[in-house]
Amino acid sequence: MKRSRDMEKRSEISSAIEELSMMVIVKPDGNHEVAHIPIKPFLSLCHLVLQVIDKVGPSMAVLRQDVHLNIKKLEVMYESNPSMNSNLVEILKSEASNGTSRKRCSCSKAFVWLTRSLDFSSKLLQGLANDPKNNMKQIVEESYAETLAPWHGWISSAASKVALKLVPDDKTFMDLLREKDGNCDTLKEKMQKLTSLMVPFLEDIHSIIKVYNLDRLKST
């Protein structure tokens, strides 16, 4: 409880840094039987990223809804049997053996799309951290094009193009991300710290997703 209250007092960026700093992923390294991704810390990180996406405004409503639904899907799976479903890789393994990985409501698909949403958020924060004065709309467009667009169907892509017109300006977004007594320089440093943690973290996850042949999965 104390940790939860402490996290509420800090920005989503600071909380995500702490979450990632403590998370340990065991990579396949040729033997995916021993791979491990702890589901609870992963979902905590997704919740924090969801709050960042919220601050982009109504332009991210569709993505926000997808992230929310996918988080809930994995939470329900975990809560159904916490001892058995504490490792996301075991869930991937189980659905692969049952032939349900690519089913519409599979946890495997939820995990893949949550990972891609983290890719998007990482790219977005990286773009802002590198140059906070960059055009916000351009950064969002480039982040979407690189991380989500290749996997979206034409309907999702068309909806996203319309939504991008509602992106806030960079100053408004940065102000929403700053801690109460923080400044832009401090925020920039924290965004750089977070993305430096997210990049290798996501690379590890993608290597595991590839093992289960889910890396080319597209929306239907």
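The side chain of Ser 143 reaches the backbone nitrogen of Leu 124, at a distance of 3.3 Å. This is a predicted model, and the distance is computed from its atoms. Ser 143 sits in helix 7, which covers residues 136–147. Its relative accessible area is 1%, so Ser 143 is buried, the limit for that class being under 20%. Apart from residues up to four places away in sequence, Ser 143 touches Phe 120, Lys 123, Leu 124 and Leu 148. Leu 124 therefore appears twice in the surroundings of this buried serine: as the residue whose backbone nitrogen is reached by the side chain, and as a member of the contact list.

A second buried serine is Ser 117, in helix 6 (residues 107–130). Ser 117 counts as buried because its relative accessible area is 5%. With neighbours within four places in sequence left aside, Ser 117 is in contact with Val 49, Leu 63, Val 67 and Leu 148. Leu 148 is thus on the list for Ser 117 and also on the list for Ser 143. Of the other partners of Ser 117, Val 49 falls within helix 3 (39–55), while Leu 63 and Val 67 fall within helix 4 (61–80).

Helix 4 leads on to the next site. Asn 81 lies in the loop between helix 4 (61–80) and helix 5 (88–98). The side chain of Asn 81 makes a polar contact of 3.0 Å with the side chain of Ser 83. Is Asn 81 buried, exposed or partly exposed? Asn 81 is partly exposed, because its relative accessible area is 27%, and that class runs between 20% and 50%.

Another loop residue is Val 34, placed between helix 2 (12–22) and helix 3 (39–55). Val 34 has a relative accessibility of 46% and so counts as partly exposed. Together with Val 24 and Val 26, Val 34 forms a nonpolar patch on the surface, and the accessible area of the three is about 240 Å². Membership of such a patch requires over 30% relative accessible area, a condition that Val 34 meets at 46%.

The last site is Asn 213, in the segment after helix 10 (184–211). What is notable in its backbone is phi, which is near 55 degrees, a positive value in a residue other than glycine. Asn 213 has a relative accessible area of 54% and is therefore exposed, since the exposed class begins over 50%. By the same classes, Ser 143 at 1% is buried and Asn 81 at 27% is partly exposed.

Technical notes. Residues numbered from 1 in each chain as written. Predicted model: local features only at pLDDT ≥ 70, side-chain atom pairs only at ≥ 80, totals over all residues. Heavy atoms only, no water. Patch = residues over 30% accessible without salt bridge, like charges linked within 9 Å, V, L, I, M, F, W, Y side chains within 5 Å. Areas by Shrake-Rupley, 256 points an atom, 1.4 Å probe, with all protein chains shown as cover. Salt bridge = Lys/Arg side-chain N within 4 Å of Asp/Glu carboxyl O. Helix = DSSP H or I, 4+ residues; strand = E, 2+ residues; numbered from the N terminus. Buried < 20%, exposed > 50% of the residue type's maximum accessible area, 1.4 Å probe, protein only. Polar contact = N/O pair within 3.5 Å; in protein donor to acceptor, adjacent residues only side chain to side chain. Contact = heavy atoms within 4.5 Å.
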